[in-house]
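Visitor: Could you take me slowly through a single part of this model, residue by residue, and spell out each term as you use it?

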Amino acid sequence: AVKTFVRFALAQGAVTYGLELMMALFSIAQGAVSTIMDASGLTAMSDTALPDEMVTIIEDVGFLESIPLWAVTLLGSLFIWVLSLVMILTVYSRFFKLYIATAIAPIPLASFAGQPSSSIGMAFIKSYAAICLEGCVILLACIIFSQFASSPPVVTEGLAPATVVWNYIGELVFNMLVLVGSIKMSDRIIRELMGLG
């Protein structure tokens, strides 16, 4: 009877102070994200600019040569726009998962009251911690992308301006594909690391 009463008291405390428990887990993950951000120097980064050779090639283009250049630029910017949209939607969906999990937290935390159902509460806490830690993986992916994007592309002399721009945009789109893939896989990476399957 005492054991059952203690379980009931713990479940009552978990339900009553569930928001505080969830906020504590969120604060730990937020501290990890802040530490990663400060250590990476991502907050003090400068703007990325085109290499001078590329700017010179583009400025020297005539009207007829600029038509394929415009086509390449429009196609590349469309790819970049779509990838940016997918990336932003993925990050926002993570926030919604976090808010929804926090809102329904009292229901799975109430499962601590019974011994057979207590595994549900533990699984919920693990999965909530995994959702919080997805931010760390997303931030690490952004740091790696920024390092790739900050290294200037190699401009080969003698190529057509459209080819030079296409090479640059192709490299940027490839790096963005890797970034979007890493961000979309952040939940799978964390779940594997935490043993959630």
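Guide: Burial comes up at once, and a residue counts as buried under 20% relative accessible area, as exposed over 50% and as partly exposed in between, with a 1.4 Å probe and protein chains only. By that scale C142 is partly exposed, with a relative accessible area of 25%. Please keep in mind that this is a predicted model, in which local features need pLDDT of at least 70 and side-chain atom pairs count only at pLDDT 80 or more, while totals for chains, interfaces and linings use all residues. Residues are numbered from 1 along each chain as its sequence is written, and side-chain values use heavy atoms, with hydrogens and water left out.

The part I would choose is helix α6, which covers residues 118–150; helices here are DSSP runs of H or I with at least four residues, and strands are runs of E with at least two, numbered from the N terminus. Just ahead of α6 comes the loop that joins α5 (106–109) to α6, and G114 has its place in that loop. With a relative accessibility of 23%, G114 is partly exposed. Two distances tie this loop residue to positions further along: from G114 to I131, 17 residues away in sequence, the C-alpha atoms are 25 Å apart, whereas from G114 to I143, 29 residues away along the chain, the C-alpha separation is 44 Å.

Within α6 we meet S119, a residue that is partly exposed at 46% relative accessibility. S119 lies ten residues from L109 in sequence, and the C-alpha atoms of S119 and L109 are 10.0 Å apart in space.

I131 is another residue of α6, but this one is buried, its relative accessibility being 9%. If one sets aside neighbours within four places in sequence, I131 is in contact (heavy atoms within 4.5 Å) with R94, K97, L98 and A101. Helix α4 spans residues 63–103 and also holds T102, which is buried at 18% relative accessibility. Again leaving aside neighbours within four places in sequence, the contacts of T102 are L19, M22 and Y128. Two of these contact residues return in what follows, since M22 in α2 and Y128 in α6 also belong to the packing of those two helices.

Two packed helices are described by the angle between their axes and the distance between the axes. Axes are lines fitted to C-alpha atoms, for helices over the stretch in contact, and angles run from 0 to 180 degrees between N-to-C directions. Helix α2 (residues 18–40) packs with α6 at an angle of about 15 degrees, the axes being 10 Å apart. That makes α2 roughly parallel to α6, on a scale where under 35 degrees is roughly parallel, over 145 roughly antiparallel, 65 to 115 roughly perpendicular and the rest oblique.

On the α2 side, the residues that meet α6 are L21, M22, L25, F26, A29, A32, V33, I36, M37 and S40, and on the α6 side they are F124, I125, Y128, C132, L133, G135, C136, L139, L140 and I143. By class, this contact has 18 nonpolar residues, two polar and no charged ones; Ala, Val, Leu, Ile, Met, Phe, Trp, Tyr, Cys and Pro count as nonpolar, Asp, Glu, Lys and Arg as charged, and the others, Gly among them, as polar. M37, placed in helix α2, is partly exposed at 27% relative accessibility. Although 99 residues separate M37 and C136 in sequence, their C-alpha atoms are 9.3 Å apart in space.

As you may be wondering about the cysteines, a disulfide is a covalent bond between the sulfur atoms of two cysteines, and here a pair of cysteine sulfur atoms within 2.5 Å is counted as one. The structure holds zero disulfides. C132 is in none, and the nearest cysteine sulfur, that of C136, lies 9.4 Å away. C132, at 2% relative accessibility, counts as buried. C142 is likewise in no disulfide, with the sulfur of C136 as its nearest cysteine sulfur, 12 Å away. At the bench, then, you would read C132 as buried and C142 as partly exposed in this model.
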